[in-house]
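The following exercises concern a single protein chain. Please study the sequence and the model before reading each solution.

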Amino acid sequence: MNLIELLSEDAFLTKAENISLQPLNWSLARAKGVEVLIRREDLIDEYVSGNKFYKLFYNLHAAKEAGQKQLLSFGGAYSNHIYALAAAAKTYGFNAVGVIRGERPKQLSATLRDAEAWGMKLHFVSRSDYRERGAEDLSALLSSTYGEFFEIPEGGANSYGIQGTKVLGSAIYRQVKSDYTSVCLACGTANTLVGVAAGLWQVGSDGKVLGFSVLKDSGIDGAQGLGSQIIHHQKSTGDVTSNWRLINGFHGGGYGKKLPADMLKFMHEFERESKFKLDPVYTVKMCWGVAQLLKKDYWPRGSRLILIHTGGLQGRRGFNL
């Protein structure tokens with residue numbers, strides 16, 4: 001198998017710099033005297049969408065430099081990461097294995113059907129085994145079954161992912177310099193939050209990056225808390241910055257859960273007003289959180305917010321949207 005030439009770093013940086021930053025048509029923000037812009041990362045690539053484009057770029061280059069022709073990663077039945085990885089592997093000539101949480105269902109989700117159609121081998125494991133996916137027994141089983149592979153963590157959450165999302169942060173700075181109050185994005189693994197904050201920090205921008213957690217339990221305390229993961233990511237890459245804040249309480253019941261009625265209503269109204277779509281796992285929760293904070297006058301009049309649309313619209317299919 002021959003690998004197809006990967007996107008060059010120059011082309012990657014050019015794509016990042018050319019993503020549109022659109023004024024958001026939002027009556028709530030106007031009423032509060034707050035300007036809101038949205039960076040449309042959902043438009044960066046049809047299949048390797050949003051922040052996955054940034055998280056995978058340096059991972060793919062690292063795999064190629066290591067001489068690996070097979071990628072392996074982890075995710076659920078509706079994972080944007082698995083979807084994007086399968087598409088990228090097909091595009092650039094890698095073999096791919098997706099280790100999927102849970103038993104194989106009688107009917108695959110639309111996400112997994114696409115991934116399998118693109119050539120990804122799906123390996124299903126029990127939820128208990130998935131929780132222990134770093135265990136030696138599972139690693140040995142995967143190696144004996146599929147041979148050598150370049151492993152990418154769930155969500156692309158590693159140093160290469162942060163290296164890619166730092167580019168997103170520096171691209172935002174080139175668009176607006178320091179003329180903003182907050183950059184807002186949704187958080188799952190928080191890899192993107194760390195990268196964006198580091199990218200802005202590098203260029204001397206002191207505005208806060210607000211990460212709206214999509215997880216039900218994501219407190220700053222505890223070994224498993226999302227805040228602790230952020231600090232771990234920062235220390236592991238040397239990107240220790242203080243220009244971020246984790247925002248909790250807008251998860252809508254937890255990761256991948258059916259949206260509560262009030263959030264679903266908000267989503268439909270927001271989409272009608274803004275004329276573009278949100279994804280139901282990440283971006284809608286960030287926008288919902290921003291809306292609730294606007295109602296509480298969290299930002300003073302004259303503030304300027306930048307929202308990052310992190311893509312993942314393929315996941316709407318799992319919610320019948």
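**Exercise 1.** What percentage of the 321 residues in the chain do buried residues make up?

*Solution.* The model is a predicted one. A residue is taken as buried when its relative accessible area is under 20%. By that cut-off, 56% of the 321 residues are buried.

**Exercise 2.** Determine how the chain is built and whether its overall dimensions suit its length.

*Solution.* Begin with the secondary structure, which consists of 12 helices and 10 strands. Next, take the radius of gyration: the value for the chain is 19 Å, and the globule rule gives 20 Å for 321 residues; the two are close, so the chain is as compact as a globular protein of that length. Along the principal axes, the C-alpha atoms fill a box of roughly 60 × 40 × 40 Å. Finally, consider the contacts with a separation of 6 or more: 76% of them join residues 24 or more positions apart.

**Exercise 3.** Describe the surface and the charges of the chain.

*Solution.* The accessible surface is about 14,300 Å², and carbon and sulfur atoms contribute 48% of this area. As for charge, there are 38 positive and 31 negative side chains. The centres of these two sets are 7 Å apart.

**Exercise 4.** Which residues of helix α5 are buried, and what covers them?

*Solution.* Helix α5 spans residues 110-117, and its buried residues include A110, T111, L112 and A115. The cover over the buried residues of α5 includes α4 (80-92), together with β4 (95-101) and β5 (121-125). After α5 comes G119, which has a positive phi near 105 degrees.

Note on methods. Residues are numbered from 1 along each chain as its sequence is written. This is a predicted model: local features need pLDDT of at least 70, side-chain atom pairs count only at pLDDT 80 or more; totals for chains, interfaces and linings use all residues. Side-chain values use heavy atoms; hydrogens and water are left out. Helices (H or I, at least four residues) and strands (E, at least two) are DSSP runs, numbered from the N terminus. The radius of gyration is taken over C-alpha atoms; the globule rule is 2.2 Å times the number of residues to the power 0.38. Buried means under 20% relative accessible area, exposed over 50%, partly exposed in between (1.4 Å probe, protein chains only). Contact means heavy atoms within 4.5 Å. Accessible areas come from the Shrake-Rupley method with a 1.4 Å probe; for residues, only the protein chains shown count as cover. Lys and Arg count as positive and Asp and Glu as negative; His and the chain ends are not counted. The place of a charge is taken as NZ of Lys, CZ of Arg, CG of Asp or CD of Glu.
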